[in-house]
Amino acid sequence: MPNAAAGGDAIAVCTALDAGYLPLVLVVATSIAASALPSSRVAFHVLYDGPDTWAVRQVQRWRHPRLEIVLHRLPNPYAHIGTLGGYPPSTLFRFAVPQVLAELDRVIYLDVDLIVEADLGELFHVSLDGKPMGAVRDIRLIDRALTSAPDRQRLRDDTRDYLRTALGFDTDDAMLNYVQAGVAVLDLRQLRDLDYASRMHDTVRRLGRALRYADQCATNAAFRGDIAILDPRWNVFPEALPGGEWPDVIPQLRAAVAAQRSGPRIIHFAYLKPWRHLGLPGGDRWWRHARRAGLGPYYLCQLIAARAGMRWNRLRTLLGRLR
Ligand SMILES: [Mn+2]
């Protein structure tokens, strides 16, 4: 495996978010550091749109010999677009990454609702076959689009119709390449050369509220057929883990699910969140990292608030300023 540190440059990772999600950056960073090889050096770039809360100070205090967090505060250029399909404009903030990280040639983009369970060197150096980005197939959505289960025909027809008419996936083979956007390897130089920011702006403007999963569907529409398909173990939903409840997936996806189950490298809580739901497969691992990040009490309060259906701020007032 190529070694980033030996080459003198760090493994570059990034995310882009609303300041309210900054505590999750510490959970992700803790998980990356815990799995990093002793020789690895990771630079974790965080794009965020203010305000500067207690979480910013906590992120600034972060120290680890193998991982450095670099904060980039800037206004989200997509804020004016507003909510898309229930998703806030912070999900589109990631489209600013190639411009903001202008000095980098490549970066791993990560959502913050995930934990990393392997050294990221292999992913950082993966071949993209000349394509401007790489990502993992979205097994859940593809299975929904291509299933032949009699009791899921309506959902299947609806999903296929959406993929075809809104996003331009014409065939079953094309649909097999719909990717999950929560983990992506970005060739930043290529993306800058093809004016990624404008392409994404145009796509979002063209499709607008037709987009069901905001940034993810926009990415699939804009780069359909031009995304390298990565090893499925780099983006594993909890449903794929032992104890998870996958329905019997279509034959074309069975090998991917088996690989995910036996060797997950990134566990992505894309739907149910461990800080709101107990007992998720892989949830115990998430909590271990949250505690190591010093955020056990914070997320315990979030969990209690979620279970009680209370607003977090109200609970925090009740419990005092727990950190
Ligand atoms: Mn996610």
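Which residue in β7 is the bridge partner of R137? I looked this up at the start and found V179. The model I am working from is a predicted one.

**Strand β7 and its partners**

I stayed with the pair that holds this bridge. Strand β6 covers residues 133–137 and strand β7 covers residues 179–187; they pair in the antiparallel sense over five bridges. I also noted G134, whose bridge partner in β7 is V185.

Next I checked β4, which spans residues 106–110. β4 and β7 pair in the antiparallel sense, again with five bridges. Here R106 stands opposite D187 of β7.

Is β7 enclosed or open to the outside? I counted nine buried residues out of nine, so the strand is largely enclosed by the rest of the structure.

**The whole sheet**

I then wrote down the strand order. The sheet is open and has seven strands, in the order β3-β2-β1-β4-β7-β6-β8, with mixed pairing. Its edge strands are β3 (67–73) and β8 (227–229), each of which pairs on one side only. From one strand to the next I get an average twist of 30°.

**The nonpolar core**

Which members of the largest nonpolar core touch the most other members? The core has 97 residues, and the ones I was after are V13, V25, V28, I32, V107 and I108. Helix α1 (residues 22–35) gives the most to this core, namely nine residues.

I took V13 for a separate look, setting aside its neighbours within four places in sequence. V13 is in contact with I32, V42, F44, H45, V107, I108, L110 and L120.

**Two helix crossings**

For α1 I looked up its contact with helix α12 (residues 283–292). The two axes come within 8 Å and cross at roughly 100°. That makes α1 roughly perpendicular to α12, because angles of 65 to 115 degrees count as such. On the α1 side I listed V27, T30, S31 and A34, and on the α12 side H289, A290 and R292. By type, the residues of this contact are three nonpolar, three polar and one charged.

The second crossing I entered is between helix α5 (residues 139–146) and helix α6 (residues 153–165). They pack at an angle of about 110°, and their axes are 7 Å apart. I therefore put α5 down as roughly perpendicular to α6. L141, R144 and A145 of α5 meet L155, R156, T159, R160 and L163 of α6. I sorted the residues of the contact of α5 with α6 into four nonpolar, one polar and three charged.

**Positive phi**

Most residues other than glycine have a negative phi. I looked for exceptions and entered two aspartates, D129 and D195.

Phi of D129 is near 50°. I placed D129 in the loop between α4 (121–124) and β6. Is D129 buried or exposed? It has 8 C-beta neighbours inside 10 Å, so I count D129 as exposed.

D195 has a positive phi of about 55°. I found D195 in the loop between α8 (188–193) and α9 (196–207). D195 has 12 other C-beta atoms within 10 Å. A residue is exposed at 12 or fewer, so I entered D195 as exposed too.

Notes:
Residues numbered from 1 in each chain as written. Predicted model: local features only at pLDDT ≥ 70, side-chain atom pairs only at ≥ 80, totals over all residues. Core = buried A, V, L, I, M, F, W, Y, C linked by C-beta atoms within 7 Å. Buried ≥ 20, exposed ≤ 12 C-beta atoms within 10 Å, placed from the backbone. Helix = DSSP H or I, 4+ residues; strand = E, 2+ residues; numbered from the N terminus. Contact = placed C-beta atoms within 7 Å. Pairing = 2+ DSSP bridges. Axes fitted to C-alpha atoms, helices over the stretch in contact; angles between N-to-C directions. Parallel < 35°, antiparallel > 145°, perpendicular 65-115°, else oblique. Nonpolar A, V, L, I, M, F, W, Y, C, P; charged D, E, K, R; others polar.
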